[in-house]
Amino acid sequence: MNKRIALITGATSGIGQATARLLARHEFNLILCGRRKDRLAQLNEELSPLTEVRTLSFDVRNFSEVENVWNSLTGNWKKVDVLINNAGNAHGLDPIHSGNLTDWDAMMDINVKGLLYVSRLVIPGMVERQQGHIINIGSIAGKEVYPNGNVYCASKFAVDALTRGMRLDLNPYNIKVTGIHPGLVETEFSLVRFKGDEERAGQVYKGYQPLRAEDIADTIVYVLTRPDHVVLADIVIFPKAQASSVVVKKTV
Ligand code: NDP
Ligand code: 8X3
């Protein structure tokens, strides 16, 4: 049986990395993307014994960089069956009147425009072949706004809107579109949000059991292994302790 090809952005850490590890064991060939070349090389070495792997290092903010690496793919590698738009982060957690412009640019450029740039290159082939599955990693922050979440929430609301737009526009071409919206997942996410402040990042996950990246990877595998006629369109996933963006039952 021919393996499907999955392209994962943000595969160097957290949810993307866990997804790469699980898909390698579930009959997928992998195109793994991220900026950190050392991590891509390590993951390539780890997963190559299990499946075929290609790595692409690029910054999703830079369209010509994305286009160049995309065009470097040879043979059948551009025939991506599954696109997992996962690269993204929060930068800062400040009230709207004192937010940092560099943080705002980063969130809109990576989480929204980066997702669009990668999609614009990958989706035309899916349309031509009349098959494919796109999974966009949104967030509970794209369903509910929380204090000081302002621009990160806006970027994830945009991901939700783009997911719905893709589902409408790609409906004539047999392409499935899934939005996955996690709550609190313990990854490098908070370390990036708080600019390397380990103490502050660690507090986010204290006093309850947060989701693990593997929980989201597991959901992605479930989504991708449904019968052909089934689409899981929109999924919100919380840790048991979480009831909303702002309600989390903590013991400390
Ligand atoms: P991590 O910080 O662990 O991973 C983020 C990934 O995105 C890394 O692989 C990073 O790779 C990549 N990335 C970031 N910026 C860029 C860029 N400019 N160009 C290319 N790749 C980039 O966080 P998570 O795994 O938690 O986050 C993955 C997704 O899940 C994000 O979209 C996030 O918003 C979403 N999410 C996370 C939640 C959480 O609580 N953790 C909850 C809900 C949604 P590199 O630095 O090597 O480029
Ligand atoms: C990540 C979850 O609640 O930190 O998207 O925004 S949250």
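Guide: A polar contact here is a pair of N or O atoms within 3.5 Å, and the model to which this cut-off is applied is a predicted one.

Visitor: How far from an oxygen atom of ligand 1 does a backbone N or O atom of valine 185 lie?

Guide: Ligand 1 has an oxygen atom 2.7 Å from an N or O atom in the side chain of threonine 12, and one that is 2.9 Å from an N or O atom in the side chain of lysine 156. With valine 185 it is a backbone N or O atom that approaches an oxygen atom of ligand 1, at a distance of 2.9 Å.

Visitor: What percentage of the accessible area that ligand 1 has on its own does the protein cover?

Guide: On its own, ligand 1 has 880 Å² of accessible area. Of this area, the part covered by the protein is 97%.

Visitor: Which elements give two or more residues to the shell around ligand 1?

Guide: The shell around ligand 1 holds 30 residues, of which Thr12, Ser13, Arg35, Tyr152 and Thr187 come nearest, and by class it divides into 12 nonpolar, 12 polar and six charged residues. The elements that contribute two or more residues to this shell are α1 (14–24) and α5 (150–170).

Visitor: Which residue has a polar side-chain atom 2.5 Å from an oxygen atom of ligand 2?

Guide: Ligand 2 is surrounded by Ser139, Ala141, Tyr146, Tyr152, Gly183, Phe189 and Arg193. An N or O atom in the side chain of tyrosine 146 is 2.6 Å from an oxygen atom of this ligand, and for the side chain of tyrosine 152 the corresponding distance is 2.6 Å. The residue whose polar side-chain atom lies 2.5 Å from an oxygen atom of ligand 2 is serine 139.

Visitor: How much of the area that ligand 2 exposes when taken alone does the protein bury?

Guide: The shell around ligand 2 consists of four nonpolar residues, two polar and one charged. Taken alone, ligand 2 exposes 240 Å², and the share of it buried by the protein is 87%.

Visitor: Which residue is the bridge partner of leucine 83 in β5?

Guide: Strand β4 (residues 82–85) points Val82 and Ile84 one way and Leu83 and Asn85 the other way, with all of them buried. It pairs in the parallel sense with strand β1 (residues 4–8) over three bridges, alanine 6 having valine 82 as its partner in β4. Four bridges also join β4 to strand β5 (residues 132–137), again in parallel, and β4, helix α4 (residues 101–129) and β5 together make a right-handed β-α-β unit. Within β5, the bridge partner of leucine 83 is isoleucine 134.

Methods
Residues are numbered from 1 along each chain as its sequence is written. Chains are lettered from A and ligands numbered from 1 in the order in which they are written. This is a predicted model: local features need pLDDT of at least 70, side-chain atom pairs count only at pLDDT 80 or more; totals for chains, interfaces and linings use all residues. Side-chain values use heavy atoms; hydrogens and water are left out. A residue is near a molecule or strand if one of its heavy atoms lies within 4 Å of it. A polar contact is a pair of N or O atoms within 3.5 Å; within protein, one must be able to donate a hydrogen and the other to accept it, and residues adjacent in sequence count only if both atoms are side-chain atoms. Accessible areas come from the Shrake-Rupley method with a 1.4 Å probe; for residues, only the protein chains shown count as cover. Ala, Val, Leu, Ile, Met, Phe, Trp, Tyr, Cys and Pro count as nonpolar, Asp, Glu, Lys and Arg as charged, and the others, Gly among them, as polar. Buried means under 20% relative accessible area, exposed over 50%, partly exposed in between (1.4 Å probe, protein chains only). Two strands pair if DSSP finds at least two bridges between them. A crossover is right-handed if, with the strands pointing away from the viewer, the path from the first strand over the helix to the second runs clockwise.
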